[in-house]
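This tutorial shows how to read domains and pockets in a protein model. Please keep the structure in view while following the dialogue.

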Amino acid sequence: MTPENSHDLRLPNRFLELYTPEKIHGDFVGKHIISVEQFESNDLKILFDATASIRKRLKQSDRGLLELCAGKIAVTLFYEASTRTDMSFQAAMRRLGGEIVAASNGVQFSSVYKGENLADTVRAAGCYADAIILRHPDVGSSYEAAYYLDKLREQIQRKPVIISGGDGVGEHPTQALLDMFTIFDFKKGFDDLTITLVGDLKNGRTVHSLSKLLARYGARDVTLCLVSPAKLKMPEKILAELKAANMRIVETEDLSEVIGSTDVIYWTRVQEERFADPAEYAAVKDSFIMLPSVLAQAKPDAILMHPLPRKNEMGTPADHDLLDADPRSVYFQQMENGMFVRMALLAKVLGGLWV
Ligand code: NCD
């Protein structure tokens, strides 16, 4: 691979310490979105109100189009595989009346192929676009992108923003926002909710961001159950944050202890691509498999979420079909919400007239 992709994926980038993202504080315009730590309760409220409004207006609109970002351009820079994040951002930008641009044959055939570093590639994108959606294998890569874009802003007197689409095993802030919106949408609030995260809590960036966001939003109301094999436990640093927020935490390797009292089941994939040793992956990959017989133990009004993609952690394609037919499975609604939340976020940071 290119020099950019060949270094140790688990080494956090130094910009994680060097760069502090600006808090939203009720004003999204021109802010980079790289961590859930930028959000407070009020910011989520503003974003979720805008999301609900966009969803309603879009479903009512004949053309499936709202002109909130007309004349704006977003670039997608994806150094890692993606389906939902990539396509939902593309669709979001187009449904806002904006344009989306990407390297014609994927980022691997941009100058990244010639060895260009992230700092330069991201500034090239910033010269052409108003927003850059970045997915990269290094933890802290979006912090690095924000740092260099701030330097570029001084040179071009314009404010391109970076939006993280996933920072290696670090964070995935927009996924957490859409997950929160989905929980809010189905459960109408967070009061007395028991939320259970299951699977690869060590390497899964979606559960890192979601639990951090829950600690910032619903710490007093939510009981958070963390179910994983011992080798894939939630990192200590994040656990410490959750405990500091006085969140009720239950850590267990036994799903049956908690599934019957859970309101929101958040299932995840074992992140095969993060394992250096295939034997280590093989040893844990089948630790938790969601099957119709497992879902049968859940409350009748529980919801089952999954950021997807799914592999064998939801059994065979035939099991998928059975699970999908259960009204408690909401991962496709969760997926669609991803586009609405990203529309609201893009409109907000790009200063869309209303929302
Ligand atoms: C997740 C990701 O890329 O972190 N997918 C997503 O963005 N919807 C989850 C995963 O890959 O397991």
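The turns below take up the domains, then the contact between them, then the two pockets.

Q: Into which domains is the chain of this predicted model divided?
A: The domain assignment gives domain 1 (25–171 + 337–349) and domain 2 (173–333). Domain 1 is thus written as two stretches of the chain, and domain 2 as one. The C-alpha centres of domain 1 and domain 2 lie 25 Å apart.

Q: How many residues of each domain take part in the contact?
A: Contact is counted between heavy atoms within 4.5 Å. Here, 32 residues of domain 1 and 24 residues of domain 2 take part.

Q: What area is buried between domain 1 and domain 2, and which residues of domain 1 supply the most?
A: About 2,500 Å² is buried between domain 1 and domain 2, and carbon and sulfur atoms give 59% of that area. On the side of domain 1, Val-36, Phe-48 and Asn-337 supply 25% of the area buried against domain 2, more than any other three residues.

Q: How many salt bridges are found across the interface of domain 1 and domain 2?
A: A salt bridge requires a side-chain nitrogen of Lys or Arg within 4 Å of a carboxyl oxygen of Asp or Glu. By that rule, five are found across the interface of domain 1 and domain 2. As an example of a salt bridge in the model, the side chains of Glu-80 and Arg-205 meet at 2.9 Å, N to O.

Q: Why does the largest pocket lie between the domains?
A: Domain 1 and domain 2 both give residues to the lining of the largest pocket, so the pocket lies between them. Its space is about 710 Å³. Of its 25 lining residues, Leu-16, Val-139, Gly-170, Lys-212 and Lys-237 lie nearest the centre. The helices α2 (15–18), α8 (205–217) and α9 (236–244) each supply at least two lining residues, and α9 gives the largest share, three residues. By class, the lining has nine nonpolar, six polar and 10 charged residues.

Q: Which parts of the structure line the second largest pocket?
A: The lining of the second largest pocket draws at least three residues from each of domain 1 and domain 2. Among its elements, α4 (84–95) and α8 each supply at least two residues, and the largest share, three residues, comes from α8. This second largest pocket holds about 430 Å³ of space. It is lined by 22 residues, of which Arg-135, Arg-205, Arg-269, Leu-308 and Pro-309 lie nearest its centre. Its lining comprises five nonpolar, 10 polar and seven charged residues.

Methods:
Residues are numbered from 1 along each chain as its sequence is written. This is a predicted model: local features need pLDDT of at least 70, side-chain atom pairs count only at pLDDT 80 or more; totals for chains, interfaces and linings use all residues. Side-chain values use heavy atoms; hydrogens and water are left out. On a 1 Å grid over the protein atoms alone, a cavity is a set of points where a 1.4 Å probe fits but cannot get out, and a pocket is an open set with protein on both sides within 12 Å along at least five of seven lines; lining residues have an atom within 4 Å of a point. Grid points are joined across faces, edges and corners, and a volume is the space filled by probe spheres set on the points. Helices (H or I, at least four residues) and strands (E, at least two) are DSSP runs, numbered from the N terminus. Ala, Val, Leu, Ile, Met, Phe, Trp, Tyr, Cys and Pro count as nonpolar, Asp, Glu, Lys and Arg as charged, and the others, Gly among them, as polar. Domain bounds come from an automatic or database domain assignment. Buried area is the accessible area (1.4 Å probe) that two parts lose on being put together, summed over both.
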